[in-house]
Amino acid sequence: MSKSKISTGALVALSMSAFPVVAQESHASKEQLAPLFPEGKPYSPYTDRDFPERPLWGDSHLHTSLSMDAGGFGNRVGLDDAYRLARGEQIMASSGQPVKLDRPLDWLAITDHSDGMGLIVDILDAAPIVTQYEQGARWSEGMRAGGQTAVDSTLDLIATFSQGQMDPEMFANYSPGARRYANIWEDVITAAENHNTPGSFTAMIGFEWTSLVEGANMHRNVIFRDGADRARQVVPYTTQHPIGSTDPLDLYKYLEAYEARTNGAVMTFAHNGNLSNGIMFPVDAQYTGRKIDQMYVEQRAKWERMYEITQIKGDGEAHPFLSPDDEFADYGTWDAGNLDLSVAKTDEMLAGEYAREALKNGLLLEEKFGTNPYKFGLQGASDAHNSIVVTSEDNFFGKHAGYEPSAERLDHSFMKTEQGELFSWQQVGSGLTAVWADENTRASIFDAMDRKEVYATTGPRMAVRLFGGWDFDESDQFSRSPSAIGYAKGVPMGGDLVNAPEGTAPSFLVAALRDPIGANLDRIQIIKGWLDAEGNTHEKVYDVSWSDDRQAGSDGKLPAVGNTVDVASATWTNTIGAAELITVWSDPDFDPAERSFYYARVLEIPTPPWYLYDALKFGVDIPEGAPTSHQERAYTSPIWFTPSGE
Amino acid sequence: MKILKEPLLHFLLMAVAIFAWFIAVDDSAPQTNQNVVEITATDLDLLATQFEKTWQRQPSEQERKKLTDGFVRQEILVREAIALGMDQNDALIRRRLQQKMEFFIASFAEALEPTTDELEEYYQTNSAKYEIGPKVAFLQVFLGDAPQQQETTQILEQLRSGQSPGQLGKPTQLSLQVSLAADTRIDAMFGTGFAAAISAMPVEEWTGPVKSGYGYHLVFVEQKEAGHLPPLQDVQVGVVADWRTAKKMELMELQYEKLAARYTVHLPSAADEAQP
């Protein structure tokens with residue numbers, strides 16, 4: 001007893017002598033501080049409104065001629081022109097036709113493949129660094145010859161690379177550690193610096209890490225918050241041994257090392273789980289056989305802040321097999337096989353591929369390990385390989401240079417092997433990312449992505465707000481400034497709800513405003529996923545706001561909005577649907593003991609897909625089996641609810 | 001002395017200086033015998049350094065020998081190839097030489113610094129590229145996509161008599177107040193053409209209706225900021241870089257023209273071309 005008294009006394013003495021040294025210089029009384037924090041709200045309703053008025057639109061995934069497969073397939077549009085197009089200027093596409101966007105983007109991340117970045121450009125330039133090798137000289141000569149010789153050379157190059165038969169010495173020049181590789185990365189950075197104009201256009205520095213294991217896609221993009229000074233201190237991470245790796249855990253190490261070395265910030269986000277044949281979102285074990293453990297879930301949650309849910313190679317929100325009750329789940333579905341169609345798809349693979357299922361399984365893994373590895377924001381991109389971002393169906397330049405507008409592009413299949421076939425018309429005219437950032441700068445956009453205040457659309461620029469809280473009431477939907485109320489009373493998309501008040505279900509303020517030059521809206525849906533006490537996951541789609549005063553039928557389903565698409569003229573009218581939808585919705589099935597998430601899906605009225613414009617402009621037939629209208633959509637990042645006592 | 005300011009003169013003086021320097025420091029033995037391959041210690045050091053750059057380590061003894069042998073081999077074969085005229089009419093070699101020559105000329109431009117006057121002149125000539133577009137700040141009241149004339153007039157009167165715009169017109173998610181924003185930003189919110197339409201409206205007065213992508217609006221333009229050219233010092237870094245790029249092109253052309261002037265080019269006559 002006395003001993004402990006002495007030690008306490010010693011502690012007090014210590015604190016008296018040591019702590020004042022680090023204490024602040026000024027002392028304030030309660031009376032002095034009080035006037036600085038006046039009670040109540042300011043008189044002026046316009047004060048403190050520092051939330052964004054509109055989202056910033058961009059593409060987080062675009063390839064230029066620097067990417068081996070892009071350049072190989074004929075992309076001759078480099079970094080500068082890719083930026084110029086995104087900024088609203090007219091450029092010449094690789095196929096020799098002029099192209100211009102309907103509206104400029106606010107930001108762009110060019111993400112060329114890190115493996116062999118720039119090699120193809122040097123081959124086309126007949127640079128001595130490649131022509132000194134037999135392969136390089138042969139391909140260079142072939143590609144410069146044009147015509148069928150060029151096509152054959154390209155196919156030979158791609159086959160040689162995928163079989164791992166590239167001259168290792170030549171390829172080493174396009175890998176980390178080589179001077180040429182560093183110079184190419186420097187070009188990427190310089191182009192971004194030249195086009196980055198804080199306030200009006202942001203050029204994010206980034207690359208794609210192209211992990212492919214037996215044709216199963218685990219690709220991820222990496223984007224930096226930082227500018228040239230920090231990005232120059234590294235080169236992109238690759239997948240080729242011994243420097244690179246195909247294991248995401250090794251990519252995380254690279255990201256960790258970057259931050260430690262530069263004091264900067266970086267993140268990664270995956271895409272095309274739909275082509276991963278089940279290995280994108282593992283639940284039990286990684287593709288390596290390594291068990292999913294605490295380290296894996298923590299690392300994945302730390303670095304993978306978003307998921308690219310929609311792009312040209314398919315829409316990855318939901319699959320009809322996994323979500324049989326969701327009548328809108330079958331949109332842009334690519335489920336023939338893996339990335340190169342070398343292995344066909346089976347039903348068991350689907351659960352490891354789609355975002356909604358991953359969000360659900362994330363709850364399960366969180367229950368098990370205390371961290372949710374699949375707590376990601378949702379965003380969309382084009383992944384175009386011809387340097388031309390996709391912003392509207394009537395201006396679709398395809399996946400790569402070989403699919404730029406022509407009377408023939410609908411004829412040949414996009415991909416065909418013994419395992420299956422994908423048709424040209426199945427390319428999805430997708431997508432864009434909307435970011436609720438305060439400012440159009442790298443830092444502000446990155447930070448909004450980091451807090452998941454982002455959403456995906458399949459192209460149209462509808463403004464979508466989602467806020468979750470405990471005390472939204474119906475009158476909030478009639479407010480003239482819903483976002484002010486949303487931020488004041490709740491959390492925005494990407495946020496968390498905790499500490500459920502006794503007997504209260506979460507309520508959501510959700511609002512959508514159609515694209516100012518686009519189609520009206522059909523409905524807003526809230527998609528809920530949850531984990532029950534037995535450890536089973538569930539999902540439910542709620543229609544929460546819709547146009548035209550429709551009444552749900554006896555089966556609880558809302559009737560379809562209608563269809564104004566005129567196939568022959570590829571037009572539609574805004575005579576159905578609504579320009580704006582807004583509502584407050586409260587979860588009728590809430591259980592405060594269950595982990596859950598909620599995200600909004602906003603559907604447009606039916607509009608013509610890109611190939612209807614092709615049919616009209618080139619006078620060709622609409623491909624057999626291709627739908628003549630589709631409902632474009634937005635997917636917001638979820639808001640997660642976690643029960644108390646965690 | 002206008003000639004002292006002539007970039008071409010600067011260029012030529014620099015070229016002379018560099019050649020003089022090369023001659024001054026070139027202490028390698030003159031090659032008297034064509035069949036002697038002289039390898040200096042400097043050559044070997046260079047080979048070792050190149051190896052180290054690639055492999056991040058020193059070459060071993062064996063590797064050193066291989067490097068040296070390779071170097072000798074290359075030297076001999078290159079000499080023989082040149083003797084046989086193999087460097088002639090090779091597209092790759094010609095292209096490389098052309099590239100080297102262009103780099104050589106361009107490298108002078110990289111070092112050039114514009115004078116204040118030069119930069120100012122360049123800035124003014126290319127001002128369109130640096131101009132900051134017009135901006136406008138406004139309030140808007142939404143009338144829907146098919147407003148009645150009578151209702152519009154009534155709301156306009158209410159606004160003009162000082163009633164707060166906050167609760168007038170139709171509810172909308174569009175911002176009531178848009179702070180000073182560029183045309184592109186306003187068009188992104190209201191649809192293409194809206195910024196141009198409100199920019200034409202008088203300031204500090206409720207007017208309209210103006211058409212947007214959603215319907216019609218009454219607007220109160222609070223402030224207009226004309227497009228303008230920012231002071232040069234605000235954008236100097238970018239302008240200097242652009243000036244240098246332009247200068248580089250100019251110098252390349254000048255130098256090429258100068259060299260080309262020493263040559264007479266014979267093109268086939270129309271009659272020759274007609275021959276198969």
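Here are a few places worth visiting in this predicted model, taken one at a time.

1. Start with the sheet in chain A. Four strands form an open sheet in the order β18-β17-β20-β23, and their pairing is antiparallel. The edges are held by β18 (490–492) and β23 (580–586) of chain A; each has a single partner strand, so one side of each is left without a neighbour in the sheet. From one strand to the next, the twist averages 20°.

2. Now look at one pairing inside that sheet. Strand β20 (residues 507–513) of chain A is joined to β23(A) by seven bridges, and the two run antiparallel. A handy landmark here is Phe508(A), which stands opposite Trp585(A) in β23(A). As general background, strands of a sheet pair through backbone hydrogen bonds, either parallel or antiparallel.

3. A helix goes with this sheet. Helix α16 (residues 482–489) of chain A lies across β17 (463–469), β18, β20 and β23 of chain A. Relative to β17(A), helix α16 runs at about 30°.

4. Next, please turn to a helix pair in chain B. The axes of α5 (residues 116–125) and α10 (residues 232–260) of chain B come within 10 Å and cross at roughly 90°. Angles of 65 to 115 degrees count as roughly perpendicular, so α5(B) is roughly perpendicular to α10(B). On the α5(B) side the contact involves Leu119(B), Glu120(B), Tyr122(B) and Tyr123(B), which meet Leu232(B), Val239(B), Val240(B) and Trp243(B) in α10(B). Sorted by class, this contact has seven nonpolar residues, no polar ones and one charged residue.

5. Some backbone details deserve a look, because most residues other than glycine have a negative phi, and most peptide bonds are trans. Asn272(A) has a positive phi, near 55°, and is not a glycine. You will find Asn272(A) in the loop between β9 (266–271) and α13 (294–303) of chain A. Being buried takes 20 or more other C-beta atoms within 10 Å; Asn272(A) has 21, so Asn272(A) is buried.

6. Chain B offers a counterpart in Glu204(B), also not a glycine, with a positive phi of about 55°. Glu204(B) sits in the loop between α9 (194–199) and β3 of chain B. The limit for an exposed residue is 12 or fewer neighbours; Glu204(B) has 8 C-beta neighbours inside 10 Å and therefore counts as exposed.

7. Finally, check two cis peptide bonds. One runs from Ser430(A) to Gly431(A), with omega near -10°, and Gly431(A) is in the loop between β14 (420–423) and β15 (432–435) of chain A. Another runs from Gly208(B) to Pro209(B), with omega near 5°; Pro209(B) lies in strand β3 (residues 206–211) of chain B.

Technical notes. Residues are numbered from 1 along each chain as its sequence is written. Chains are lettered from A and ligands numbered from 1 in the order in which they are written. This is a predicted model: local features need pLDDT of at least 70, side-chain atom pairs count only at pLDDT 80 or more; totals for chains, interfaces and linings use all residues. Axes are lines fitted to C-alpha atoms, for helices over the stretch in contact, and angles run from 0 to 180 degrees between N-to-C directions. Angles under 35 degrees count as roughly parallel, over 145 as roughly antiparallel, 65 to 115 as roughly perpendicular and the rest as oblique. Two residues are in contact if their C-beta atoms, placed from the backbone, lie within 7 Å. Ala, Val, Leu, Ile, Met, Phe, Trp, Tyr, Cys and Pro count as nonpolar, Asp, Glu, Lys and Arg as charged, and the others, Gly among them, as polar. Two strands pair if DSSP finds at least two bridges between them.
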